[in-house]
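Have a look at how the two chains meet. Keep the strands in view as you read.

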Amino acid sequence: MHPAFSVVFFTTATGAGYGLLALLGLLGGLGFIPADFWLGLVGMALALGLIVAGLLSSTGHLGRPERAWRAFSQWRSSWLSREGVASVATFIPATLFGIGWVVLDRSGGWVAAAGLVAAAGAMVTVCTTGMIYASLKPIAQWHSRYTLPAYLIFAAMTGSVLANALFQGFKLGSTAVLTWALLVTLAGWGWKLATWRYNDQLEIPTTANTATGLAGGTVRSIEWPHTEENYLLKEMGFRIARKHSAKLRRITQALAFAAPAILLAIAFFLPWPLCAIASAFAAVAQFGGMLVERWLFFAEAKHTVMLYYGRE
Amino acid sequence: MTCLPARTEKKLGLVIDLDTCVGCQACVTACKEWNTGGHMAPLTDINPYGAHVDGVWFNRVHAYEHTTELGGRTVNFPRSCLHCEQPACVTVCPTGASYKRAADGIVLVDEDKCIGCKLCSWACPYGAREFDSDVGVMKKCTLCVDRIYNDNLAEEDRVPACVAACPTSARHFGDLGDPASAISQLVTERGGIALMPELGYKPTNRYLPPRARSERAAKVDAPALEPIKAEGGFLGWIDRMLSN
């Protein structure tokens, strides 16, 4: 599949934003972190900023962005519509929580309730994003049991590493948050390795034989219907060389998982402000690594329509 | 509404005969000609006379070499929307632009509601939908909905343009939901096939596989004949003279 940057950035940024929002809603609302005005302001601005930037970026993928409001109507059947509804609905508790926690300096009570609802909304929105891809049968690499958990784990991972950097920056870091950020980074690493292993061994029952209905033997494409590249080839015919894919997988592992894990592990033993600097580098490296991961998620996905063009 | 009808009154669709299709592209050009002024008009061509031509087509004819233990053959393969019973292209649509008609099962796009998110084209395993980058909306085969019910046309012309144009009658149109229809009987008789049945989209259109090879033709790749008994008479004399 063609890795459009608008969609790569959209899923990565909203994942991190919703992960951070969920964590702030939970920890802030329940009073585990103090209602510090500047921490709250920067934290909520970062979370909502990532979400808004991502959502705006996603409209860049549309042919008619001025009609985007119509996408809220078909939530009964469409995961994309559900994503739109969930993402907008989550702004309501998020805004209430932001007002209570940041502006009014409160936690507990209705602020806690708003924080928890915002966290739930963030989780639901990430699920709907994952399901958009997981529900597409023509793309076997996406239509698997690995896709939905991946979106959830990666949102929790990038959000937690970002939250840890934020807390550390405001001298409010805790061993618990640091440990959680490290553990969820290692979990993300493991899940990605398992996903790649599954995809590399994938045996797809759909072949050129079932695509053309010509039973038995081999079906070889000898002539395309057109001499120039068409929409199908541009959108669904993206191919990545195996050596490039291997290199990008190593870059993903280094930036998104290995470097943040090492930096977070070191941060345990560093005094402030060094632990905050290490945590910030971990968050930045991970975000960059996740952009590469998401690019590969598209580039390595193969659509059945390419069987008609003689590609596996 | 992008929820699918529980059942449709008719299942209008095409049956394509891979045995008789000669790959002449008449259906392709007839489709383009009709539909560039039809329901989904225009079928935009981008840079049509330039170096990098692009454009929207509803029907494209591939050619394959099918090789089995019985030998090889060339198969021309027209590919267009199959008007599935379970079209995921419709259910993934966030705006309600894509819909399946309860009356006849035709899958259509309302161009005025489409936001051009392209998700329907990802959800279609058959590559039936093509994005019109000029208008910013998705386009697809309409089964010539503006021909088949068109009172202004003579009755014999109320078939999709591709069917009307086919010089070898490799394309057939009708109600595949009615077992008594001519088209359904053709499918039964010839063992019509649904494409990619394993994905569960339940396409309406059927493809008739190429007929089995005849054993009557001379086997030109057979070993040379054994020498036969020498012939007598005048021809035998000539044969002996020439063989010397």
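The paragraphs below go from the contact between the chains to the sheet that spans it. The model is predicted.

Start with the contact. Chain A brings 45 residues to it, and chain B brings 49 residues. On the chain A side, several elements each supply at least two residues: α3 (79-103), α7 (208-212), β1 (218-223) and α8 (231-236). Which of them gives the largest share? That is β1(A), with 6 residues. By class, the side of chain A that touches chain B holds 17 nonpolar residues, 19 polar ones and 9 charged ones.

Now follow β1(A) across to chain B. Its partner there is strand β4 (residues 60-68) of chain B. The two run antiparallel and share 5 bridges. Within this pairing, S221(A) sits opposite Y64(B) of β4(B).

β4(B) has a further partner in chain B. It pairs with β5(B), again in the antiparallel sense. This pairing has 9 bridges. Here Y64(B) turns up once more: it stands opposite V75(B) in β5(B). Y64(B) thus faces S221(A) in one pairing and V75(B) in the other.

Put the pairings together. What is the order of the strands in the sheet? It reads β1(A)-β4(B)-β5(B), an open sheet of 3 strands with antiparallel pairing. The edges are β1 of chain A and β5 (71-79) of chain B, each of which pairs on one side only. From one strand to the next, the twist averages 30°. One edge of the sheet is therefore a strand of chain A, and that strand, β1(A), also gives the largest share of the chain A side of the contact.

Notes:
Residues numbered from 1 in each chain as written. Chains lettered and ligands numbered in written order. Predicted model: local features only at pLDDT ≥ 70, side-chain atom pairs only at ≥ 80, totals over all residues. Contact = placed C-beta atoms within 7 Å. Helix = DSSP H or I, 4+ residues; strand = E, 2+ residues; numbered from the N terminus. Nonpolar A, V, L, I, M, F, W, Y, C, P; charged D, E, K, R; others polar. Pairing = 2+ DSSP bridges. Axes fitted to C-alpha atoms, helices over the stretch in contact; angles between N-to-C directions.
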